[in-house]
2 protein chains.
Amino acid sequence: MTERDFIAHALAPLATSVAARGLADDAAVWTPPLGRDLVFTHDVLAAGVHYLPGDPPSDIAWKLLAVNLSDLAAMGAMPCGVLMGLGLSAAEDNAWRADFTAGLGRALTHFGVALWGGDTVTGLAAAVLGLTAVGWIEPGKALARSGARPGDAIWVSGNIGDAGLGLAIAMGNASPDAALLKRFRRPDPRLALGRALVGVATAAMDVSDGLLIDADRMARASGVALAIDFAAVPVSAAAAARCVTLAQRVALTTAGDDYELLFTAPAGVDMAAISGGTKLTKIGSVLAGAGVHLLQNGVDIAPERLGWEHQD
Amino acid sequence: MTERDFIAHALAPLATSVAARGLADDAAVWTPPLGRDLVFTHDVLAAGVHYLPGDPPSDIAWKLLAVNLSDLAAMGAMPCGVLMGLGLSAAEDNAWRADFTAGLGRALTHFGVALWGGDTVTGLAAAVLGLTAVGWIEPGKALARSGARPGDAIWVSGNIGDAGLGLAIAMGNASPDAALLKRFRRPDPRLALGRALVGVATAAMDVSDGLLIDADRMARASGVALAIDFAAVPVSAAAAARCVTLAQRVALTTAGDDYELLFTAPAGVDMAAISGGTKLTKIGSVLAGAGVHLLQNGVDIAPERLGWEHQD
């Protein structure tokens, strides 16, 4: 299939919004909502780096969209549309491309997001997939990493570490578990929670590289210390059953790909009232000082390596 | 240099707008201009496909920005900001990255465009560079490929085919010429002309894959025929000196990377009055019918291959 056929027959049918102009022009044209700020993010997934070549193409499409929507969720934004840059190799054959676009279509529908445009390039050595997501937020209300203040409580959504176990399963390094594998391959961006945190959270970000390293980034951005109660960090029953030693449990806090929201809020806020049913756990307190501390019986057990950071 | 150091020390200093938030949050936040539509485009440049590994990194940065701004120009839009997805390999060493970011900074300043954010990924087999550009346009005024009507005149800016010769020079297949090489490596998006064409042109697009193939696309989108007078196609003195046979002259009309604007307008419009000093040439007429025709003494001499189209 040529690039033109792929765009005309596989991508254009997904680009149903007026803004996309049927992918027939040089660019998309969109009328932004009145009285809103716009939020923009762009994340890249590379084969062999962010996903495994054997991952189902429909799941890769889901993840490409989901990791970008997670960035919008972290800012409190409502997603509107996306542009996609698909760099493909010979390994992404027609069957791969068909499954990818089918999965992309389902994911766009699931999240209510429009495909506005993008670019497709073939003949690469390995696939590199980029996506720009655009959302809106009330003016001046975007959440930031920099607003955590001493005395705030630290919260996290969902469970921590499942996706890291899912990666191990996908790599054949751990026994199968469909639910854990799904947490790695099909992360669920916390969009509703992000919207609910607008005007409530003092700081927010998504957990993409590991709870501890991301908490450390929030601490740096805010100029405070984040003291996390190790015993309070929420883990799933499946993760708890697999991780019984202290080292295994700590490893859950340095694993990436959770795409949960980490946020701070004044101590008195009733989170149950705004959670909308999303599991929220208070995991610690913001203190004066610097860095992240993982406390067990008053002792900081944070490991030297806080999470996933690519060295080059 | 780690990804974090590269972002903090090389990219963040270029992200000076309020919208970029110092690249310290999960996403950029921007207040769009009141009463404007927004225009979005995303183009990918891959090493070895869209540029040569030996091209100067600062020129690659320029081209990455320029080809996207050319899409905005084709819609009549004014550029505002960009997000960048940098997929890098070991070949893009620290010296490459320093030259790339220096060139990017100069290009952003030259075009008056803000760097809002993006993503950097290292460890790839070969570089893949994506960029999303955002601009504004008066509501409902975006130019399209689909508006050409029988009786309209066909116009093109600048000269056609210089960049194709520049590519041959860059590949070592032709004798050096700095001006032609620059046309390949540092295309000049026709932003001022694009703005001037708003409300004037009936159809517009940029010439990226070759005059004939892009004219054919405009003909298809508009449901008309584009009859191009071969003798009228503007070529530079340098190109004319190199291309003396008919085949060589025709090849200029199928070469890519010109990034000139191809547009149609009612026959009576005084283009000199709105050109703002940009060289504009009337190269033919829109007719009822279909496809592109390259006419010499009334004979259609259009070759079978109209331009650059990647087969996979």
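Trainee: In which sense do strand E8 (residues 225-229) and strand E10 (residues 280-287) of chain B pair, and over how many bridges?

Mentor: The sense of a pairing is read from the directions of the two strands, and in this predicted model E8(B) and E10(B) pair in the antiparallel sense over 4 bridges. A single bridge shows the register, since in E10(B) the bridge partner of B:Ala225 is B:Leu287.

Trainee: In which sense does E8(B) pair with strand E11 (residues 291-296) of chain B?

Mentor: With E11(B) the pairing is parallel and runs over 5 bridges, and there B:Leu226 has B:Val292 as its bridge partner. Burial can be read for the same strand, and E8(B) is mostly covered, with 4 of its 5 residues buried.

Trainee: How should I read a whole sheet, for instance the one that holds E7 and E12 of chain A, and what is its strand order?

Mentor: One lists the strands in order and then looks at the two ends. In chain A, 7 strands form an open sheet with mixed pairing, in the order E7-E9-E6-E10-E8-E11-E12. Strand E7 (203-207) and strand E12 (299-300) each have a single partner strand, so one side of each is left without a neighbour in the sheet. E7(A) pairs with strand E9 (residues 260-265) of chain A in the antiparallel sense over 5 bridges, and A:Asp206 stands opposite A:Leu261 in E9(A).

Trainee: Which helix lies across E7 and E9 of chain A?

Mentor: That is helix H2 (residues 57-75) of chain A, which runs at about 165° to E7(A).

Trainee: Which strands form the sheet that draws on both chains, and in what order?

Mentor: The chain letter has to be read together with each strand name. Here 5 strands form an open sheet of mixed pairing in the order E1(A)-E2(B)-E5(B)-E3(B)-E4(B). Its edge strands are E1 (28-30) of chain A and E4 (114-124) of chain B, each of which pairs on one side only, and neighbouring strands are turned by 15° against each other on average, with direction ignored. Strand E3 (residues 78-89) of chain B and E4(B) pair in the parallel sense over 8 bridges, and B:Gly85 has B:Asp119 as its bridge partner in E4(B). Helix H2 (residues 57-75) of chain B lies across E1 of chain A and across E2 (37-46), E3 and E5 (128-137) of chain B, running at about 145° to E2(B).

Trainee: Which residues of helix H5 (residues 178-185) of chain B are buried, and what covers them?

Mentor: An α-helix has 3.6 residues a turn, so residues three or four places apart point the same way. In H5(B) the buried residues are B:Leu180, B:Leu181, B:Arg183, B:Phe184 and B:Arg185, and what covers them includes H2, helix H4 (162-170) and helix H8 (237-242) of chain B.

Trainee: Where does B:Tyr259 lie, and is B:Tyr259 buried or exposed?

Mentor: Location, backbone angle and burial are best read together. B:Tyr259 lies in the loop between helix H9 (246-252) and strand E9 (260-265) of chain B, and has a positive phi of about 55° although it is not a glycine. B:Tyr259 counts as buried because 24 other C-beta atoms lie within 10 Å, where the cut-off is 20 or more.

Trainee: What is the phi of A:Leu23, and where is A:Leu23 found?

Mentor: A:Leu23 is found in the loop between helix H1 (3-11) and E1 of chain A, and its phi is positive, near 60°, in a residue other than glycine. A:Leu23 has 17 C-beta neighbours inside 10 Å and therefore counts as partly exposed.

Terms used: Residues are numbered from 1 along each chain as its sequence is written. Chains are lettered from A and ligands numbered from 1 in the order in which they are written. This is a predicted model: local features need pLDDT of at least 70, side-chain atom pairs count only at pLDDT 80 or more; totals for chains, interfaces and linings use all residues. Two strands pair if DSSP finds at least two bridges between them. Axes are lines fitted to C-alpha atoms, for helices over the stretch in contact, and angles run from 0 to 180 degrees between N-to-C directions. Two residues are in contact if their C-beta atoms, placed from the backbone, lie within 7 Å. A residue is buried if 20 or more other C-beta atoms lie within 10 Å of its own, exposed if 12 or fewer, and partly exposed in between; C-beta atoms are placed from the backbone.
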